[in-house]
Amino acid sequence: FATLNLTTVENAWWGIPAGQTFEITFSYLGRLPQWEARLTPEMYKLAVPSEDAQDLSVDVGSGPFKNFPHYNTKGGGIDAAK
């Protein structure tokens, strides 16, 4: 986690004016083997890659949690279940 105080620059595409100051916290979502080990067998099958599970850079390739935990944050694709 990292918390920063930042000031916006103008971004016409998103309609953001320059000069707004705010505090934001960033977190990086990555796979956590200790958390994965505590999942129920049913959830483990959904949330942990079926191939190369020991390689923490590998994401889930299919199913309701495809690409977990690296979801696209622009435009969504994240529903209530995720």
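This is a short talk through a predicted model of a protein, from its overall layout down to a few individual residues.

Hi everyone, and thanks for coming. Some ground rules before we look around. Because the model is predicted, local features need pLDDT of at least 70, and side-chain atom pairs count only at pLDDT 80 or more, while totals for chains, interfaces and linings use all residues. Residues are numbered from 1 along each chain as its sequence is written, and side-chain values use heavy atoms, with hydrogens and water left out.

Let's start with the layout. The protein has two helices and two strands. Read from the N terminus, the order of the elements is β-β-α-α. When I say helix or strand, I mean DSSP runs numbered from the N terminus: H or I over at least four residues for a helix, E over at least two for a strand.

How much of the protein is buried? Of the 82 residues, 13% are buried. Here, buried means under 20% relative accessible area, exposed means over 50%, and partly exposed is in between, using a 1.4 Å probe and protein chains only. The accessible surface comes to about 6700 Å², and carbon and sulfur atoms hold 57% of that. Those areas come from the Shrake-Rupley method with a 1.4 Å probe; for residues, only the protein chains shown count as cover.

One more overall number concerns contacts, meaning heavy atoms within 4.5 Å. Among contacts with a separation of 6 or more, 18% are between residues 24 or more positions apart.

Now please find arginine 31. Where does arginine 31 sit? Look in the loop between β2 (21-26) and α1 (33-37). Arginine 31 has a relative accessible area of 7%, so it counts as buried. Its partner is glutamate 36, which lies in helix α1. With a relative accessible area of 5%, glutamate 36 is buried too.

These two residues form a salt bridge, with their closest N and O atoms 2.7 Å apart. The rule for a salt bridge is a side-chain nitrogen of Lys or Arg within 4 Å of a carboxyl oxygen of Asp or Glu. How many salt bridges does that rule give? The count comes to one.

The two side chains also make a polar contact, at 2.7 Å. That term stands for a pair of N or O atoms within 3.5 Å; within protein, one must be able to donate a hydrogen and the other to accept it, and residues adjacent in sequence count only if both atoms are side-chain atoms. Arginine 31 has something else on offer: a polar atom of its side chain lies 2.7 Å from the backbone oxygen of alanine 53.

Who else is around this pair? Setting aside residues up to four places away in sequence, arginine 31 touches several residues, including Val48, Asp52, Leu56 and Pro69. With the corresponding neighbours left out, glutamate 36 is in contact with Arg31, Tyr44, Ala47 and Val48.

Two of the residues touched by arginine 31, Asp52 and Pro69, have backbone details to show you. Aspartate 52 is in the segment after α2, and its phi is near 55°, a positive value in a residue other than glycine. Aspartate 52 is exposed, because its relative accessible area is 55%. Proline 69 is in the segment after α2 (41-47), and a cis peptide bond joins it to phenylalanine 68, with omega about 0°. Asparagine 67, also not a glycine, has a positive phi of about 75°. Why point these out? Most residues other than glycine have a negative phi, and most peptide bonds are trans.

Finally, let's visit the strands. Threonine 25 lies in strand β2, and at 46% relative accessibility it is partly exposed. The side chain of threonine 25 makes a polar contact with the side chain of threonine 3, at 2.8 Å. Leucine 4 belongs to strand β1; its C-alpha atom is 6.4 Å from that of threonine 25, although the two are 21 residues apart along the chain.

Leu4 is also one of four residues, with Leu6, Phe22 and Phe26, in a nonpolar surface patch with about 320 Å² of accessible area together. Patches are made of residues with over 30% relative accessible area and no salt bridge; like charges are joined within 9 Å, and nonpolar side chains (Val, Leu, Ile, Met, Phe, Trp, Tyr) within 5 Å. Both β1 (2-7) and β2 supply at least two residues of the patch.

That's the tour, and thanks for listening!
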